[in-house]
Amino acid sequence: MENIHAVYNGRFDSLNNIKISPLSRAYTFSDSVYEVIPFCNSSTIAFDKHILRLEKSCNALSFQVDIKRISIEINELIKKSNLKNGYVYYQISRGIDNLRSHMFDQDISIETFGYVVSHTFSSQSLRVMFCEDLRWQRCDIKSTSLLGNVMSMNDAKNKGCDEVIMHKNNIITEGGASNVFFANDECVFTPSLSNNILPGITRDLLIIKLKESDIRVEEGEYTIDDLTSAKSIWLTSSTKGLAQVIDVIDKKTNIQLDHHLFKKCEELFVKNYFK
Ligand code: PMP
């Protein structure tokens, strides 16, 4: 296996050499949070926003972390890898129990783990499926508890899809690993943030640039019908960028490929963030 640069509890090593305890609470309870930090031409994209979100996730679970040390480790991983384009996966767990127990011991120490891999930020076109959002009610925390996402996305994969668009009682929440945008001829729309949605960094970056431009953008509560009648749908994430939906299985849609508002958004995003 190729040598993937990694770091575990502050110690840099190749991913193959890192051994973890089965009593890590990341393993027994998904009592852990994570970030995916992209970099392009050796520069991170929206680094401070990713670090701030990681800090918020840690605060939500009362993890005491040294965020400065973590920021240094993430940059160090990128440097050590010599990669130009890629991302760092960084995970923080509450620590390692003496024996599995829901109620944790206050004395356990935070466990940190990260690695860096190459990634090509090429534009993607997606085939998607709608599904009921099966997840818990704190999807705003970037926790590794992703079983709802995993089940729905693999169901979608078995049906020939690349992603899902989830809804709670017909109200669109987000993608399995992305946020949802759509447009008619005049305006771009995206579900507003709530405890059911991860505050995506890519979503935020795009909205900032749209608000500076002459393109109208609205955040609100939208239904499956709003999406099927839209002229364009796209999903956003740190690794996908803006990925156009080209087909929704089992639904009739009004999608026009390469709709002018999608193309304008894509251009704005690439021009401002991928230098
Ligand atoms: N929602 C979910 C559920 C995700 O997993 C992701 C990707 N991490 C996103 C949204 C998009 O977030 P970001 O733009 O910060 O990558």
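Mentor: Domain bounds here come from an automatic or database domain assignment. Keep in mind that this is a predicted model.

Trainee: Okay, so which domains is the chain divided into?

Mentor: There are two pieces: domain 1 covers 5-118, and domain 2 covers 125-273. Their C-alpha centres sit 26 Å apart.

Trainee: How many residues does each domain put into the contact?

Mentor: Domain 1 gives 17 residues and domain 2 gives twelve. On the domain 1 side, strand S3 (32-40), helix H2 (47-60) and strand S5 (86-93) each bring at least two residues. S3 has the largest share there, with six residues.

Trainee: And what classes of residue make up that side of domain 1?

Mentor: Nine are nonpolar, five are polar and three are charged.

Trainee: Let's pick one residue. Why is Ser-145 called partly exposed?

Mentor: Count its neighbours: Ser-145 has 17 C-beta neighbours inside 10 Å. Buried takes 20 or more, and exposed means 12 or fewer. Since 17 falls in between, Ser-145 counts as partly exposed.

Trainee: Where does Ser-145 lie?

Mentor: Look in the loop between strand S7 (125-132) and helix H4 (147-158). Its C-alpha is 7.8 Å from that of Ser-32, although the two are 113 residues apart along the chain.

Trainee: Which residues touch the most other members of the largest nonpolar core?

Mentor: Those are Val-128, Val-164, Phe-182 and Trp-234, out of 33 residues in that core. Apart from that core lies another one of 13 residues, including Val-7 and Phe-39.

Trainee: What makes Phe-262 a contact of Trp-234?

Mentor: The cut-off is C-beta atoms within 7 Å. Phe-262 is among the residues in contact with Trp-234, so that pair meets the cut-off.

How values were computed: Residues are numbered from 1 along each chain as its sequence is written. This is a predicted model: local features need pLDDT of at least 70, side-chain atom pairs count only at pLDDT 80 or more; totals for chains, interfaces and linings use all residues. Two residues are in contact if their C-beta atoms, placed from the backbone, lie within 7 Å. Helices (H or I, at least four residues) and strands (E, at least two) are DSSP runs, numbered from the N terminus. Ala, Val, Leu, Ile, Met, Phe, Trp, Tyr, Cys and Pro count as nonpolar, Asp, Glu, Lys and Arg as charged, and the others, Gly among them, as polar. A nonpolar core is a set of buried Ala, Val, Leu, Ile, Met, Phe, Trp, Tyr and Cys residues joined through C-beta atoms within 7 Å. Lists of a residue's contacts leave out its neighbours within four places in sequence.
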